[in-house]
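Student: I have a model open and would like a close look at one part of it. Could you take me through the side-chain pairs that carry opposite charges, and then through whatever else helps me place them?

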Amino acid sequence: MRRRVTPARRTGAVGAALVLCSAGVLLGVAATPAQAAEVSFATHCVPPAGIDPVDGTTKVEITAPATAKVGDTVDIVWKFVQAASKNPDIIDLPANSVQPSGVLKAAGAQAADIAMQGPRENPAIPKGGDMVLSDMKGTLKLTTAGEVTLTPDAYTVNAMSTDTKCTPKETVQKAATIQVTPGSGGTSSSSPTQSATPTKSATPTGGTGQTDFPGKEVQVPYACKTPIGDKNATSPVQINAKKNGGDYDLTVQFKKSVMNSPADIPKDSVKPSMEVVLGGADKGTVHVEGPTNAQPIKSGDPIEIPDLTGTYKPGASGTSTLAPGVLTIKALGTTTTCTPEKSLVSLTLDTAQQPGGASGGTSTSGGSSSTGGSSTSGAGGLAETGSGDHGALKALGLVAGTAILLGAAVFTFMPKRRTR
């Protein structure tokens, strides 16, 4: 027997369907699902001093809201599908020792550099293994209605206090787009507006008109060969630069309290020098040296390493790094040589090639009396990018203590703490 549907029943069913459809529409509007898009781009990476720059491919997935309104602060996620880096065949990187940071470019209706950073979270990475980087996050306050595009830019891989800096070698395609509708607290014009979020460029640069480049203080472990045996010590070292035309006047400072001398040392009897190691775009070394001790050092008095100065003439254009190298101490006819056990970049500069520069050889113009300036970036990178010859890696290190034979007395030569 067929059941008859009354008008009232039919109306109720239609109403229920409309309510369900309306609910579905409302749910769809409220969700405004985040979009995730992947892009890949050729990347040029500058590892620590002593390792040649490496070109690789970076694959990135950017997640951001598809729509938002002026006045909103949106969360953005940068996921490394593939980093253009490998852990060199030197040491195993322990878990939670690698941290990425970088810059995401906003363009279109609003222009801004968005600072991105990930936590120091990673699995243990064996020698030669692919770098596994955590997701980076950042925020952008929307100030202008229109289409805002998001494009990955330079990023830095920090591993155990050393940096590898990676920059795109080509125009990178946009990875996400946010459609921004008018709202309170903004404008509807399409003129670019700077984000209120403070940012820091991940690309080292000298800056137009900048002359002083202070370096980063790095803890350098030294292995020293002395006339009576081997000694090891660690010292904080900082390399500063002051631009002088196309060259840079360098000042290398040792910053650590000294040990007292066990013997009397005559004036003008101790002479320190160092070979600063160039990396990145440039190659070779720069000789820096300090004056001899101007006054006698009595037994029991502290001993300090004076500022070491010299001139760096760039031999290549690009991003060049400077790291403390072999330290030599000559005293009373004896020589102590201290070699870094780890290469730690103190200073990174954007250089322009000069005639007769250091690339492929050495720059030996030592003895400049210029005082230190300042750098754009510190720390060299443990993470080597792409495949490459690890044989180019010179001991990741510096030297920080020296034993010297003075007659029959041996003392440890340590730098003196300086007033910051």
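Tutor: Here is a walk through the salt bridges, followed by the ring pairs, some strand pairing and one loop residue. Please keep in mind that this is a predicted model.

Let us begin with the charged pairs. A search of the whole structure gives 8 salt bridges, and three of them make a good tour. One joins the side chains of Asp130 and Lys86, with an N to O distance of 2.5 Å. This pair links distant parts of the chain, 44 residues apart: Asp130 sits in the loop between strand S6 (112–117) and strand S7 (136–141), and Lys86 in the loop between strand S4 (73–82) and strand S5 (98–108). Asp130 has a relative accessibility of 49%, so it counts as partly exposed. Lys86 also counts as partly exposed, because its relative accessibility is 29%.

Another salt bridge brings together the side chains of Asp92 and Lys127, at 3.7 Å from N to O. Asp92 lies in the loop between S4 and S5 and Lys127 in the loop between S6 and S7, so this pair ties together parts that are 35 residues apart in sequence. Asp92 is partly exposed, with a relative accessible area of 44%, and Lys127 is partly exposed at 42% relative accessibility.

Next come Lys271 and Glu289, whose closest N and O atoms are 3.6 Å apart in their salt bridge. Here the partners sit in strands: Lys271 is in strand S15 and Glu289 in strand S16 (residues 284–289), so the pair ties together parts 18 residues apart in sequence. Lys271 is partly exposed at 28% relative accessibility, and Glu289 is partly exposed at 26%.

Just before strand S15 there is a loop residue to visit. Ser269 is in the loop between strand S14 (247–254) and strand S15 (270–280). Its relative accessibility is 11%, so Ser269 counts as buried. A polar atom of the Ser269 side chain lies 2.5 Å from the backbone oxygen of Pro266. Leaving out residues up to four places away in sequence, Ser269 touches Thr292, Asn293, Lys330, Ala331 and Leu332.

Strand S14 leads us on to the aromatic side chains. The structure holds 6 aromatic pairs. In one of them, the ring centres of Phe213 and Tyr248 are 6.0 Å apart and the planes stand at 70 degrees, so the pair is edge-to-face. The two rings link distant parts of the chain, with Phe213 in strand S11 (residues 212–213) and Tyr248 in strand S14, 35 residues apart. Phe213 counts as buried at 1% relative accessibility, and Tyr248 is buried with a relative accessible area of 2%. Elsewhere, ring pairs link Trp78, Phe80 and Tyr155 into a cluster.

Finally, a word on strand pairing around S10. Strand S3 (residues 67–69) runs parallel to strand S10 (residues 176–181), and 3 bridges join them. Within that pairing, Ala68 has Val180 as its bridge partner in S10. Strand S8 (residues 146–159) pairs with S10 in the antiparallel sense over 5 bridges. For Leu150, the bridge partner in S10 is Ala176.

Notes:
Residues numbered from 1 in each chain as written. Predicted model: local features only at pLDDT ≥ 70, side-chain atom pairs only at ≥ 80, totals over all residues. Heavy atoms only, no water. Helix = DSSP H or I, 4+ residues; strand = E, 2+ residues; numbered from the N terminus. Buried < 20%, exposed > 50% of the residue type's maximum accessible area, 1.4 Å probe, protein only. Polar contact = N/O pair within 3.5 Å; in protein donor to acceptor, adjacent residues only side chain to side chain. Contact = heavy atoms within 4.5 Å. Phe/Tyr/Trp six-rings, centres within 6.5 Å; stacked < 30°, edge-to-face > 60°. Pairing = 2+ DSSP bridges. Salt bridge = Lys/Arg side-chain N within 4 Å of Asp/Glu carboxyl O.
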